[in-house]
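Reader: I'd like to get better at reading a new model feature by feature. Can you walk me through one?

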Amino acid sequence: MSNKYKFLPLLAVAYLSFSSCHSFFGSDKKNGSAEQLKHHSAYDDSTLNRKVLPVMMPYNRIIQPAGELITYGSPELENHSLDLKQIPGTNLIAIEDRYGIAIIDKDQKKLVSRWTYPNDNAYRGMMSTYSGIEVAQINGQVRIFWSAASGDIGKSIVLDAIWDGNKISIKDTFTFTPEAPAPLALPNEVAVNQENGKYYLYVVLNGNNTLVKTDIATKTTVWAAPTGVAPYGLTIVNGKAFVTNWGGDMPSDKSKAEVAGVPYGKVYTDPVTGATREGSVAVFNLADGKQIKSIPVGLHPNDIIASHSGNNLYVANSNSDAVSVINVASLKKTEDISVKINAGKQGFIGDSPNALAISPNDETLYVANGMDNAVAVINLGKQGVKSNVSGYIPTEAYPGGLAIDEGHLFVANLEGEGARVNTKEMKGGKGEATDFPDDAYNSHHQKATVSIINLPDAATLANYTNKVKDLMLNFRTELARLTPRPNQPARPMPERIGEPSVFRHVIYIIKENRTYDQVLGDLPLGNGRKELCVFGDSVTPNQHQLARSFVTLDNYYASGKCSAEGHQWTDAGMVTDYIEKNVRAWFRSYPHVQTDAMVYSKKGFIWNNAADHGKSVRIFGEASLPNIDTKLTWTDIYNNYKAGKPLIFTNVSTIARVRPMLSQTYPASDYLKITDQIRADAFIKELKEIENKPGDQFYNLSVMALSTDHTTGTRPGMPTPRAMVADNDLAVGRIIEAVSKSRFWKNTVIFVTEDDSQAGWDHVSAYRTTGFVVSPYSRMQRAVSVNYNQTCMVRSIEQILGIPPMNLMDATALPMFSCFDNKPSSYVYTAVSNKIKLDEMNPTLSSLKGKDRYYAQQSLRPEYNHVDGGNDDVLNRILWHYSKKGKEYPKKFAGKADLVDDDD
């Protein structure tokens, strides 16, 4: 192995197993020889359950950070560190995390104090917002200000705490009232400024689209000024306040540009992708709040800081992978500094700069590149010399907050090492019933981490830079750019993008929220744990048959922890800063359906990538919502279906490009009152209609959502959890049977994935889920244990269709070569009949007692009307209790439910 990989101790090294490795890489000098590139195929096959760094994230990134780590937070929770500031004159760092404030001693490298939101009515559901913590000396006291909100109680506050050298205590809170249509005012970045002997608090209200100035002593509002869309960052320089607008300027009624809805308003959008079209920095006069100017910058501007001299401002534009420089005197943008690690005309997007720090001498800017798991180090230009990136420093996952002193860089790692806490680390791990493994994982349990890194010299930075590129498997972008060779035979998975595939059609089915062990834990063929299987062969006979007949993917992972992340990974192959900053809190939206322009990446989604390259696309139920008569019950809809009475609905999408691609006979998937049999019927009917047309007019790409396996718990009036999972399973089986018996089967491949794995437990990883690859070339009847994830599935679709990757994540993904043979099978799939009645209904509330009644009441909460609308921890308990009658839910491992514990 090359010496450059010595920093990867204990990692398993695998080589890409193609029929001809040499033919894949090519032997021409331009593209490099097989031997030159072969060693680069190393990747971690640790199944994501390693406890010692380096570890693998479920999206082609290896974590091995520089410096020293401080890890903290209850293992019962999903902890995230968001932002940090030094406490002046001390060796202490104040950290804003999702559940409160922590104080770390940078010399002793340990946590010295923590304040968390009390579990009472005043703070119920309270979490810190996206970022922004201010430390100020006021009247001899060290004061810490930060923002928080709670959707549960509809409350938005800025907390004012005192640090006395030993503990944190709350001195005061500033409450902000939402302005319609916002349900939350959503304070974010804060600043404290002394003016004429008084101290003022400046707060951007992300929900209200407002900047507010408040007298700290009297708590009176001095002024409130309108901003652009979703204000985020704030800094005060030379008597002016500068505010970044995540969504750009407020749309004008007179504008003819494309405008789409976002939570709490509207925003200018790109008609091709649906993503936000612009970003801006608004400038305000401190005295009266009048807006002086709006300065256009890049997309998704978030953090903003000033040089110590006050001459320049720096703005991180996450969706543009660049930092804008603004001259404070002229109020003009003077430079855009690319932070792309994969630069050049063919460079891929996806670095996601989202936090900034500047050296005391104003010569070096540090930029947190979230998706690179690295900090970019920029030499700031002087006297006409352009700024440039001098290197990158490896961090843990998604650096989201930075601070700096003379010798150290401090990093709040928003994702840390991911959801890697298992039941051994959770509360009360000893003595639990043996039917629940002590090495199980769930996606909402992880630690917060903070890095302390010595500022590197030039030689160290050069080594760090090489390390970052290797950790993010950047070599694979070279493979993604290899030009197709002439006269190549058609293969199931082409060796290079643009080379021919035997497949003309790809069907991509996205389901909802199951782990591998929940569904296939009872399958002997794969690495399952039957104790964790709650929807086994008797409930999901088709998924079991597909795994046995084609390939069993027992080392396949979701890339995110919930549906709001999951549908971005499945549809776009990445998540934006807007998603990451919302993780676990989800203040503005829960985007499991693509209806929020703030969510989308600059390149959009797999459907516009395919359409942009001349491929025909049909969307079945994804990226849309159904307009339907909400008075209809599940029973009404199901009985009408059995009687042959059509369901009346209209699918709607906020993305202009989606509307002509969208099936209007296949109901959008977010509505769980609709049986998946209606969806299966709609697809099968359309398939047969196309089959009766001359030639091959079936779509190159079909994106399909099937969501009833999410279930609605034990809600009275809805089917039982196992009936809903069985409904989903039968729909999958019927769809695959119809395709396999059609004349398109010989050149069609079907990929099936869950959008995430949050709704249960798995003994390998919190991210492990079910995935299926179904085609005439996938009749392998064996387990494939290559480490694949959702970005690999997206990349495989692109590779087959001959379209380029959309971003750094799918560009570095491993195509699923191991799921295909070179020769087709004549096998035709026949769906397995459901073993559970699809209309097996949950009992009425009046017939229930004890825990059965309690969980049925929880299932009736209005949040559970939609996919992922309710508390997933409670839903996990409901499903466990329903499926494992008599076996206690592992509360000692999982902790207390966020709502009310079932023993209360």
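Author: What follows is a tour from the whole chain down to single residues.

Author: Keep in mind that this is a predicted model.

Reader: Let's begin with the whole chain, then. How many helices and strands are there in the protein chain?

Author: There are 17 helices and 43 strands. The radius of gyration is 27 Å, and the globule rule gives 29 Å for 904 residues, so the chain is as compact as a globular protein of that length. Its C-alpha trace spans about 80 × 75 × 65 Å along the principal axes.

Reader: What share of the residues is buried?

Author: Buried residues make up 65% of the 904. As for the surface, the chain exposes about 30600 Å², and carbon and sulfur atoms supply 49% of that. Contacts are worth a look too: among those with a separation of 6 or more, 66% link residues 24 or more positions apart.

Reader: Now sheets. How do I read one?

Author: Start from the general idea: strands of a sheet pair through backbone hydrogen bonds, either parallel or antiparallel. Then write down the strand order. One open sheet here has 4 strands in the order 26-27-28-29, with antiparallel pairing.

Reader: Which strands stand at the edges?

Author: Strand 26 (353-358) and strand 29 (388-394) do; each has a single partner strand, so one side of each is left without a neighbour in the sheet. Neighbouring strands are turned by 25° against each other on average, direction ignored.

Reader: And how many bridges join strand 27 to strand 28?

Author: 6 bridges join strand 27 (residues 364-369) to strand 28 (residues 374-379). To find your place in that pair, use N369, whose bridge partner in strand 28 is A374. Helix 3 (residues 458-471) packs on this sheet, touching strand 28 and strand 29, and its direction makes about 70° with that of strand 29.

Reader: What about hairpins? I'd like an example with some detail.

Author: Try strand 23 (residues 312-317), with a partner to look at on either side in sequence. Strand 22 (residues 301-306) pairs with strand 23 in the antiparallel sense over 4 bridges, and A306 has L313 as its bridge partner. That hairpin has 5 residues between the strands, and G310 takes a positive phi near 80°.

Reader: And how many bridges pair strand 23 with strand 24?

Author: Strand 23 and strand 24 (residues 322-327) pair over 6 bridges, again antiparallel. A316 stands opposite V323 in strand 24. This hairpin has 4 residues between its strands, and D321 in the turn has a positive phi of about 55°.

Reader: How many residues of strand 23 are buried?

Author: 5 of its 6 residues are buried, so strand 23 is largely enclosed by the rest of the structure.

Reader: Let's turn to helices. How do I see which part of one faces inward?

Author: List the buried residues, then ask what they pack against. In helix 15 (residues 850-859), Y854, Y855, A856, Q858 and S859 are buried. The buried residues of this helix pack against helix 16 (872-883).

Reader: And aromatic pairs, how should I read those?

Author: Look at the ring distance and the angle between planes. The structure holds 26 aromatic pairs. Take Y130 and F587: the ring centres are 6.0 Å apart and the planes stand at 80°, so the pair is edge-to-face. Y130 lies in strand 8 (residues 127-138) and F587 in the loop between helix 8 (577-582) and helix 9 (606-612), so to speak a link between distant parts of the chain, 457 residues apart. Both Y130 and F587 are buried. There is also an aromatic cluster, formed by F620, Y666, F683, F698, Y699 and F744.

Reader: Last, single residues. Is T711 buried or exposed?

Author: T711 counts as buried, at 1% relative accessibility. It sits in the loop between strand 39 (701-705) and helix 12 (721-740). Beyond its sequence neighbours within four places, T711 is in contact with R514, L672, P721, M724, V725, L875 and L879.

Reader: And what is the relative accessible area of R114?

Author: R114 has 28%, which is partly exposed. Its place is in strand 7 (residues 110-116). R114 and G73 are 41 residues apart in sequence, with 9.3 Å from C-alpha to C-alpha. Leaving aside neighbours within four places, the contacts of R114 include Y72, G73, D97 and Y99.

Notes: Residues are numbered from 1 along each chain as its sequence is written. This is a predicted model: local features need pLDDT of at least 70, side-chain atom pairs count only at pLDDT 80 or more; totals for chains, interfaces and linings use all residues. Side-chain values use heavy atoms; hydrogens and water are left out. Two strands pair if DSSP finds at least two bridges between them. Helices (H or I, at least four residues) and strands (E, at least two) are DSSP runs, numbered from the N terminus. Axes are lines fitted to C-alpha atoms, for helices over the stretch in contact, and angles run from 0 to 180 degrees between N-to-C directions. Contact means heavy atoms within 4.5 Å. Buried means under 20% relative accessible area, exposed over 50%, partly exposed in between (1.4 Å probe, protein chains only). The radius of gyration is taken over C-alpha atoms; the globule rule is 2.2 Å times the number of residues to the power 0.38. Accessible areas come from the Shrake-Rupley method with a 1.4 Å probe; for residues, only the protein chains shown count as cover. Rings of Phe, Tyr and Trp (its six-membered ring) pair if their centres lie within 6.5 Å; planes under 30 degrees apart count as stacked, over 60 as edge-to-face and the rest as tilted.
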